[in-house]
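User: I would like to learn how to read a ligand site in a protein model. Can you take me through one, step by step?

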Amino acid sequence: MRDSNCIFCKIAAGEIPSKTIYEDQEFRVMLDISPATRGHALIIPKEHYADLYEMPNNIVAQAMVLAKKMASHMTKVLQCDGFNIVQNNGEAAGQTVFHFHMHLIPRYVKDGNQEKLSWNHLDLPENELDEIYQKLKL
Ligand code: 5GP
Ligand code: ZN
């Protein structure tokens with residue numbers, strides 16, 4: 001299934017060119033057009049899923065295995081010092097392209113992103129923390 005208005009569907013199908021560093025039947029891995037660091041790449045499934053919630057479990061599992069394979073390869077080739085795997089769901093979380101993707105972000109000491117790829121910490125009182133805990137435990 002694909003979405004005719006989706007840019008990543010067009011890239012996945014090869015209709016829009018991309019710097020593809022890996023491809024198989026299910027996925028394409030390409031360099032991000034506006035990279036956070038040198039080597040920043042995206043894993044996209046060839047089928048259209050807007051986000052993680054829509055993805056079938058077997059594709060989710062395959063995506064994570066592929067992320068590990070690519071992270072190992074990229075770390076070796078780029079000699080980076082660390083690695084972030086980021087996956088945004090929903091506008092509030094920073095998602096701008098609504099076709100599932102995983103960011104593969106090689107990190108380098110002093111790459112200028114130390115602040116951006118972290119977050120502020122809430123100082124939650126124990127009762128609020130516990131309320132959240134009670135709601136969430138499965
Ligand atoms: P999001 O903010 O949705 O998690 O990430 C979307 C990412 O897609 C951004 O990092 C952006 O630079 C990248 N991107 C947007 N359009 C294109 C494109 O046409 N080609 C490639 N290779 N990356 C894109
Ligand atoms: Zn799509």
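**Reading the pocket and its ligand**

Analyst: Start with who builds the pocket wall. Here α1 gives the largest share of the lining of the largest pocket, 3 residues. Keep in mind that this is a predicted model.

User: How much space lies in the largest pocket?

Analyst: Look at the volume, then at the centre. The largest pocket holds about 490 Å³ of space. It is lined by 23 residues, and those closest to its centre are Phe8, Asp32, Ile33, Leu42 and Val97.

User: Which elements give two or more residues to that lining?

Analyst: Map the lining onto the secondary structure. α1, β2 and β5 (102–107) each give two or more residues to the lining of the largest pocket.

User: What is the make-up of the lining by class?

Analyst: Sort the residues by class. The lining of the largest pocket has 13 nonpolar, 8 polar and 2 charged residues.

User: Where does ligand 1 sit?

Analyst: Place the ligand against the pocket list. Ligand 1 sits in the largest pocket.

User: How many residues surround ligand 1, and which are the closest?

Analyst: Now read the shell. Ligand 1 is surrounded by 16 residues, with Asp32, Gly94, Thr96, His101 and His103 the closest. By class, this shell has 8 nonpolar, 7 polar and 1 charged residues.

User: Which elements supply at least two residues of the shell?

Analyst: Use the same mapping as for the wall. α1 (7–12) and β2 (27–31) each supply at least two shell residues. The largest share, 3 residues, comes from α1.

User: What polar contacts should I list for Asp32, Gly94 and His101?

Analyst: Check pairs of N or O atoms against a cut-off of 3.5 Å. Asp32 has a polar side-chain atom 2.5 Å from an oxygen atom of ligand 1. Gly94 places a backbone N or O atom 2.8 Å from an oxygen atom of the ligand. For His101, a polar side-chain atom lies 2.8 Å from a ligand oxygen atom.

User: How much of ligand 1 does the protein bury?

Analyst: Take the ligand alone, then add the protein. Alone, ligand 1 exposes 520 Å², and the protein buries 82% of that.

User: What pattern does the protein follow along the sequence?

Analyst: Finish with the whole chain. The protein has 3 helices and 5 strands, in the order α-β-β-β-α-β-β-α. Its C-alpha trace spans about 55 × 40 × 25 Å along the principal axes.

Conventions. Residues are numbered from 1 along each chain as its sequence is written. Chains are lettered from A and ligands numbered from 1 in the order in which they are written. This is a predicted model: local features need pLDDT of at least 70, side-chain atom pairs count only at pLDDT 80 or more; totals for chains, interfaces and linings use all residues. Side-chain values use heavy atoms; hydrogens and water are left out. A residue is near a molecule or strand if one of its heavy atoms lies within 4 Å of it. A polar contact is a pair of N or O atoms within 3.5 Å; within protein, one must be able to donate a hydrogen and the other to accept it, and residues adjacent in sequence count only if both atoms are side-chain atoms. Accessible areas come from the Shrake-Rupley method with a 1.4 Å probe; for residues, only the protein chains shown count as cover. On a 1 Å grid over the protein atoms alone, a cavity is a set of points where a 1.4 Å probe fits but cannot get out, and a pocket is an open set with protein on both sides within 12 Å along at least five of seven lines; lining residues have an atom within 4 Å of a point. A molecule sits in a cavity or pocket if more than half of its atoms lie within 2 Å of its grid points. Helices (H or I, at least four residues) and strands (E, at least two) are DSSP runs, numbered from the N terminus. Ala, Val, Leu, Ile, Met, Phe, Trp, Tyr, Cys and Pro count as nonpolar, Asp, Glu, Lys and Arg as charged, and the others, Gly among them, as polar. Grid points are joined across faces, edges and corners, and a volume is the space filled by probe spheres set on the points.
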